[in-house]
Amino acid sequence: MGCGASKWRDPGVRQRSLSSVGEVVVFLPGLRVPRNIDFSRTLGDHLDKSVVDRLTALRARVVVMVTQESATALKPRRRVATRHGGSSTANLLQALEEYLPVLLGLVKEGSQLRNKVQFVWANQEDVAEETSMADPWYEVLSVLHLMAMVCFLQANTLLLPRSYADGHGPRVSEESRQATVDLFLKAAGYLNCSIHHVLTQIPPERRRELPVDLAEDNLKALSLQGLSQGVDMQLGLAIDNPKATLAVKRRLACEMIKCWKQVKDSIPELPSSDGWGKKHALFVKWKYVEAKAAAYYFHGLILDEGETEKAQEMAIAALQASEEFLNESKRASEAFHAAPPASRRPAPFGTTKYLLEMIPKDVQSKVQSYQDLYTQQRGSNIGVSKIIATPPQLPDFPLALSPEDYELPQSDPFWKEANQRQSSLSTSGLSESFI
């Protein structure tokens, strides 16, 4: 295969396709699975055996764990979540974190071996079933992407309603929602590091051969999704907090719009005939429209506090827009869940539940009040829809959340120790040859 990348697509049935998955709150396009490789065949003559054995063992453990996790992730009967999102995903994340420093040694300590190993991963969103590339930076990129998707998977598990012993029925706890904010920021940090510190290490001609799963625009879109869903959780917590003002809620909702707009603009053109690509695009559309519904709703409530007729008209316009976007988000949600692989929508909670309950009620009440007032003042029973102008412009706020800082770890000290042993053995052998 040489040094370049290769892609393979099964001309027959798509073996990676799923007919259905379970309940989805956090979108992730499945898990990319690494294929087994033989380090001893390609590196055995160049590296100390202990290094080769360590690389082999750590990567083999990752392969087994990812294969097992991908077989159960997002399945209709997902196992019960623990407080930290499930022990198997936590163990997988730890395995990846342990593999990464050893892998980085292949880049930093063994740079002359950069093109020796052909790394192979199964894709999820690309039309190619697998992508193979003889570059350890491709492996690093794939590992960081997988670490981010594991965080998304943990967050999705935490956000599924679970039963408690208090008799109030299944729900998503405040503790779980707070924990997911950290997971979203951690995932965004992994992806941000991928974009700025790993992609830049891959030559441009090879970068063009990367699967769409790892394309820069897709990595950026997923990183921004992490921030967007983090803001969504913050808004839901603010809604439940009686001390949070309307201004705080509006700001968070407007930040959410800005973030989802950036996701929408960043997401690359994904294969839409089947599989995860179409579902990914539909998820972004759904959440973007839902964010608009939230922002216009809280903006309308703030405008409604004004005493002028103009303020009242703008408030009604904003509230009516929120109802239109809410209805559109319902349709977008149905389209997302129906798209293959079909998914189920769990019971609404947080922001979504609040909007579904409050927007129809408040819009009907305030529109009727405004219409009654308008009729009294003008002596006419003209419909409000003929009075109200276009929705008012939403305020612009900078995004407060940012990805968690993440730096690539130093290469494992094991590399230096192994190199010193190999150097010592070489020197010893050279000395013996002169005796």
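This short talk walks through one predicted protein model, from the whole chain down to single residues.

Before I start, please keep in mind that this is a predicted model, in which local features need pLDDT of at least 70 and side-chain atom pairs count only at pLDDT 80 or more, while totals for chains, interfaces and linings use all residues. Residues are numbered from 1 along each chain as its sequence is written, and side-chain values use heavy atoms, with hydrogens and water left out.

Let me begin with the whole chain, which has 12 helices and 6 strands; these are DSSP runs numbered from the N terminus, with helices being H or I of at least four residues and strands being E of at least two. Of the 435 residues, 53% are buried, where buried means under 20% relative accessible area, exposed means over 50%, and partly exposed is in between, using a 1.4 Å probe and protein chains only. Among contacts with a separation of 6 or more, 81% are between residues 24 or more positions apart, and a contact here means heavy atoms within 4.5 Å.

Now to the aromatic rings. The structure holds 14 aromatic pairs, and the rule is that rings of Phe, Tyr and Trp (its six-membered ring) pair if their centres lie within 6.5 Å, with planes under 30 degrees apart counted as stacked, over 60 as edge-to-face and the rest as tilted. One of these is the tilted pair of Trp 286 and Phe 336, at 5.5 Å centre to centre with 35 degrees between the planes. Trp 286 lies in helix α9, residues 276-303, and Phe 336 lies in helix α10, residues 309-338, so this pair ties together parts that are 50 residues apart in sequence. Both Trp 286 and Phe 336 are buried.

A further link between these helices comes from Tyr 296 and Phe 325, a stacked pair at 5.6 Å centre to centre and 20 degrees between the planes. Here Tyr 296 belongs to α9 and Phe 325 to α10, 29 residues apart, and both residues are buried.

Coming back to Trp 286 and Phe 336, they join Phe 27, Trp 260, Trp 276 and Phe 283 in one aromatic cluster. Two lysines also appear here: the charged end of Lys 279 sits over the ring of Phe 336, 4.3 Å from its centre, and Lys 287 lies over the face of Trp 286, at 4.7 Å from the ring centre. For this, NZ of Lys or CZ of Arg must be within 6 Å of the ring centre and within 35 degrees of the ring normal.

Which residues does Gln 229 touch, not counting those up to four places away in sequence? They are Val 25, Val 26, Phe 27, Phe 184, Trp 260 and Phe 283. Gln 229 is found in helix α7, residues 216-240, and counts as buried because its relative accessibility is 2%. Its side chain also reaches the backbone oxygen of Val 25 at 3.3 Å.

My last stop is helix α4, residues 136-158, whose 23 residues should span 33 Å at 1.5 Å a residue, which agrees with end C-alpha atoms that are 33 Å apart; the expected span is 1.5 Å times one less than the number of residues. Because 23 of the 23 residues of α4 are buried, this helix is largely enclosed by the rest of the structure.

Key
A polar contact is a pair of N or O atoms within 3.5 Å; within protein, one must be able to donate a hydrogen and the other to accept it, and residues adjacent in sequence count only if both atoms are side-chain atoms.
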